[in-house]
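Dear colleague,

I am passing on the structure we spoke about, with my notes below it. Please look through the coordinates alongside the text and tell me where your reading departs from mine.

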Amino acid sequence: MWRFLRGPRFVDLPIRAFALVMGLTALVPGAFELDEPLYVALTALAYVLIVVAPFLPFTAVISSAVLSGVFLWQYPDFENMFTESLILATAVLFSYMRWWAAGLGTLCLLAYQLTATAQGGLDGGPEGLIDLGYGWLTTCLVGAAAGFVELRIRREITRREQAAAENARALETMRTRFTSDTHDTISHSLSTEAAIIKTLGRNPHALGSDRMIAELAMVNAEAAKRLRQLVGRLREDAPTSPHIELQAEAHLLTSAIEDGSAAGGVRVSTTVGTLPEFASPAVGEHFTAFILELATNVIRYSTPGTASTLEIVARRTVPRSVELSYTSINVADAPLTQVPRSLNTRAEAVGGRVLVSADPQGRVVVTVTHPLELVDSEVGVEAVPVKDDFRDQNARSAALTSGADSAGIGHSGAVGATSGHDRSLSIATRNGTGRSVGSPEDEELTLHRGHSHRRLEDRRA
């Protein structure tokens, strides 16, 4: 019952309450000017139509138009309350934006006024036209305003429902992505650590075990950092900007490298120069891959007991461009004669190059450089790649197959690695055929995200 009285729209309840107040004026003394039964019945029926008008506006328009003519014919010198119900019903039709029905009610009111003028009724003449016209104008304007308010409320509700649905979809997407990223990070790190631990368990005192421990610690530190980043995305106050704070990212990454290498007794010192403060996600992707691959190669192939260095710096070439440079220096048992294949593949894909040389002390120097363009964004000056073809199928295939091509390189510098974002650890045979982790032959060659491969048998030799 309450829902019926309240109505389906937000503006129905105020309109119906107003109509009820108008209908209750029948109880005011003097509302009935005559005591004749027909007059009382017609006037009472007019007050009833006023109350019914918000519920059945079109029916009230037709009924009021007909009965107003009957009342005018019987009592032309008395106030006709059917015009009030006709005006109110027309205003309700305006609130529903039923323009044709509201126009019909207006024509009925105009026809009544013309008839009253012709018969010399109370509502005839200019005075009656002004009185009825003013009542129609004010009431119908309020009704039309109520209709537009209802329309605006409905549009706002629709907008908020759509926003809630989009937010729910975005939340579900974020949950799915977070679950996937967390699974990939943990599974890759555990697979890498399991392969290293398995090799250490077979011969814990083998040559190079300290390097493997350093690599294990670095993988662990990098996994912990990635997990912190993933969890940080779930905070309500976490920034939603896709831009990367490159300088801060460099310090976090080099700290993890230093801590990981120190845990295995390998001395790697890092230097971070002045870098662009912000960078696009693509720059951050290549930035992390270059640093991790150079650091892993230094840890694996530097001469035990010697110190190694890793330097990252940006040099401005033109006002809106810089050249990002990564340099690793380490003492090696043999000179490096070939450019690491996967480093070269990624560098060429971003418009850069890899240089391999030796310093005056005979140490191996590997330098990776690539250009960045500085553009204006909402956070300030941001670095973006001048060129980025790494996702091209040919470049990706070259990076993924680099392990098989460079497996036989017998030097102590850097060797090929896979893409910094390949999220699986595979174990390959000497001829490059991949096998899953945990196979009986998995001690021969490892290939994993962001790290160079090497023959584990050579370490045990």
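On the other side of H2 from its buried residues, Pro14 and Val21 are exposed, and please keep in mind throughout that this is a predicted model. The buried residues of H2 are Asp12, Ile15, Arg16, Ala19 and Gly23; seen down the helix axis, they fall within an arc of 95°, so they line one face of the helix. Helix H2 itself runs over residues 12–23, and its end C-alpha atoms are 16 Å apart, in agreement with the 16 Å that its 12 residues should span at 1.5 Å a residue.

Met22 also belongs to helix H2, and, leaving aside residues up to four places away in sequence, Met22 touches Tyr47, Ile50, Glu84 and Leu88. The C-alpha atoms of Met22 and Ser85 are separated by 9.6 Å, although these two residues are 63 residues apart along the chain.

Helix H4 can be described in a similar way: residues 57–74 make up its 18 residues, and the helix reaches 25 Å from its first C-alpha to its last, close to the 26 Å expected at 1.5 Å a residue. Its buried residues are Pro57, Ala60, Val61, Ser64, Leu67, Ser68, Phe71 and Leu72, and because they cover an arc of only 155° around the axis, they lie on the same side of H4. The cover over these buried residues includes helix H3 (37–52), H5 and H6, whereas Val66 and Trp73, on the other side of H4, are exposed.

At the surface, Met1, Trp2, Phe4, Leu5 and Leu13 form a nonpolar patch, with about 590 Å² of accessible area together. Helix H1 (residues 2–6) gives the most to this patch, with 3 residues. Leu5 has its place in helix H1 and counts as partly exposed, because its relative accessibility is 37%, a value between the limits of 20% for buried and 50% for exposed.

One backbone detail deserves a look when you have the model open. Most residues other than glycine have a negative phi, whereas the phi of Met97, which is not a glycine, is positive and near 60°. Met97 sits in the loop between helix H5 (82–95) and helix H6 (99–119), and with a relative accessible area of 25% Met97 is partly exposed.

With best wishes

How values were computed: Residues numbered from 1 in each chain as written. Predicted model: local features only at pLDDT ≥ 70, side-chain atom pairs only at ≥ 80, totals over all residues. Heavy atoms only, no water. Patch = residues over 30% accessible without salt bridge, like charges linked within 9 Å, V, L, I, M, F, W, Y side chains within 5 Å. Areas by Shrake-Rupley, 256 points an atom, 1.4 Å probe, with all protein chains shown as cover. Salt bridge = Lys/Arg side-chain N within 4 Å of Asp/Glu carboxyl O. Helix = DSSP H or I, 4+ residues; strand = E, 2+ residues; numbered from the N terminus. Buried < 20%, exposed > 50% of the residue type's maximum accessible area, 1.4 Å probe, protein only. Expected span 1.5 Å × (residues − 1). Arc of directions from axis to C-beta. Contact = heavy atoms within 4.5 Å.
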